[in-house]
Amino acid sequence: MGAIRTIPRTVVNGYLRALRLPLSAAERVARQQDNDTWAPAITFERLEAKIEGAAGFLLRDEDLLLAAQMREEKLAKLQEASTLKAAADVERDNAHDKQRARQAKVSEQRAQTRRAAAQRKDAIKADAEQKKRSAESDAATKERGVQAQKAAQETVIDRRERASKAEALRAESEALDLTDEALAAREKVDLIDETIEGNKEARKTG
């Protein structure tokens with residue numbers, strides 16, 4: 001009985017191997033020989049499970065039924081692993097997106113900080129330059145005031161000096177006039193004295 005069932009089972013297995021030949025060639029070309037999760041391989045293994053299950057049911061072959069069940073369990077585990085991997089990929093992609101978003105936000109914050117610092121620096125520089133110009137303007141105004149005051153003082157001094165010189169000249173002129181008058185008076189006195197003396201002499205001799 002076991003030998004009778006072995007023959008159909010061998011035929012089924014041979015048929016499946018024959019069906020798999022194109023897939024094996026495709027696996028070699030795509031370098032997917034050891035990849036159980038490759039989509040064509042999963043599709044073919046699902047077909048194998050159906051054929052083994054159908055043949056096992058018709059032939060009442062428990063080995064074929066068991067092989068079909070094992071393939072189904074394998075496919076279920078592969079499907080679960082694929083689902084978990086897909087979920088992990090999605091989660092990883094989401095994490096990457098969040099990381100990129102955080103990095104972009106941090107980069108923008110850094111850029112804003114740099115711009116704000118540059119603006120503060122420019123403002124401080126502009127304020128310093130404005131204060132410098134204001135100080136220079138105040139200093140120039142004060143310098144002009146000092147120069148104007150100095151010029152006014154020099155003008156007053158010049159006027160006073162000219163007035164003093166004029167007064168001195170007038171005093172000197174007046175002194176010269178008095179000297180001339182004194183000399184003229186002295187000459188008159190001398191002339192009178194000489195006249196008197198002459199008259200005296202004339203009387204003596206007369």
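Phe57 is classed as exposed, since its relative accessibility is 64% and the threshold for exposure is over 50%. The residue is placed in helix α2. The model under discussion is a predicted one, and the values reported here were computed from it.

Phe57 belongs to a nonpolar patch on the surface, which is formed together with Leu58, Leu59 and Leu65 and covers about 440 Å². The largest contribution to this nonpolar patch comes from helix α2, spanning residues 39-59, which supplies three residues.

A second surface feature is one of charge. Glu174, Asp177, Asp180 and Glu181 come together in a negatively charged patch on the surface. Of these residues, Asp180 is located in helix α3, which runs over residues 62-205. Asp180 has a relative accessible area of 47% and is therefore partly exposed, as this class lies between the limits of 20% and 50%.

Attention now turns to pairs of charged side chains. Side chains of opposite charge can pair when their charged atoms come close. Nine salt bridges are present in the structure. One of the salt bridges in the model connects the side chains of Glu52 and Arg71, with an N to O distance of 2.7 Å. This pair bridges distant parts of the chain, as Glu52 belongs to helix α2 and Arg71 to helix α3, with their positions 19 residues apart in numbering. The two partners fall into separate accessibility classes: Glu52, at a relative accessible area of 3%, is buried, whereas Arg71, at 21% relative accessibility, is partly exposed. The value for Glu52 falls in the buried class because that class covers relative accessible areas under 20%.

Arg71 also takes part in a contact with a further acidic residue of helix α2. Glu45 is situated in that helix, and its relative accessibility of 9% means that Glu45 counts as buried. A polar contact of 3.4 Å is found between the side chains of Glu45 and Arg71. The side chain of Glu45 is likewise in polar contact with that of Lys74, at 3.3 Å.

Other salt bridges were identified within helix α3. The side chains of Asp97 and Arg100 form one of them, their closest N and O atoms lying 2.2 Å apart. Asp97 and Arg100 are three residues apart in helix α3, so about one helical turn separates them. Both residues are partly exposed, with relative accessible areas of 39% for Asp97 and 47% for Arg100. In addition to such pairs, Glu45, Glu48, Glu52, Arg71 and Lys74 are joined into one network by salt bridges that share partners.

A further salt bridge in helix α3 pairs the side chains of Asp89 and Lys85, with an N to O distance of 3.2 Å. Because Asp89 and Lys85 are four residues apart in this helix, their separation amounts to about one helical turn. Lys85 is exposed, as its relative accessibility reaches 52%.

Definitions and conventions. Residues are numbered from 1 along each chain as its sequence is written. This is a predicted model: local features need pLDDT of at least 70, side-chain atom pairs count only at pLDDT 80 or more; totals for chains, interfaces and linings use all residues. Side-chain values use heavy atoms; hydrogens and water are left out. Patches are made of residues with over 30% relative accessible area and no salt bridge: like charges are joined within 9 Å, nonpolar side chains (Val, Leu, Ile, Met, Phe, Trp, Tyr) within 5 Å. Accessible areas come from the Shrake-Rupley method with a 1.4 Å probe; for residues, only the protein chains shown count as cover. A salt bridge is a side-chain nitrogen of Lys or Arg within 4 Å of a carboxyl oxygen of Asp or Glu. Lys and Arg count as positive and Asp and Glu as negative; His and the chain ends are not counted. The place of a charge is taken as NZ of Lys, CZ of Arg, CG of Asp or CD of Glu. Helices (H or I, at least four residues) and strands (E, at least two) are DSSP runs, numbered from the N terminus. Buried means under 20% relative accessible area, exposed over 50%, partly exposed in between (1.4 Å probe, protein chains only). A polar contact is a pair of N or O atoms within 3.5 Å; within protein, one must be able to donate a hydrogen and the other to accept it, and residues adjacent in sequence count only if both atoms are side-chain atoms.
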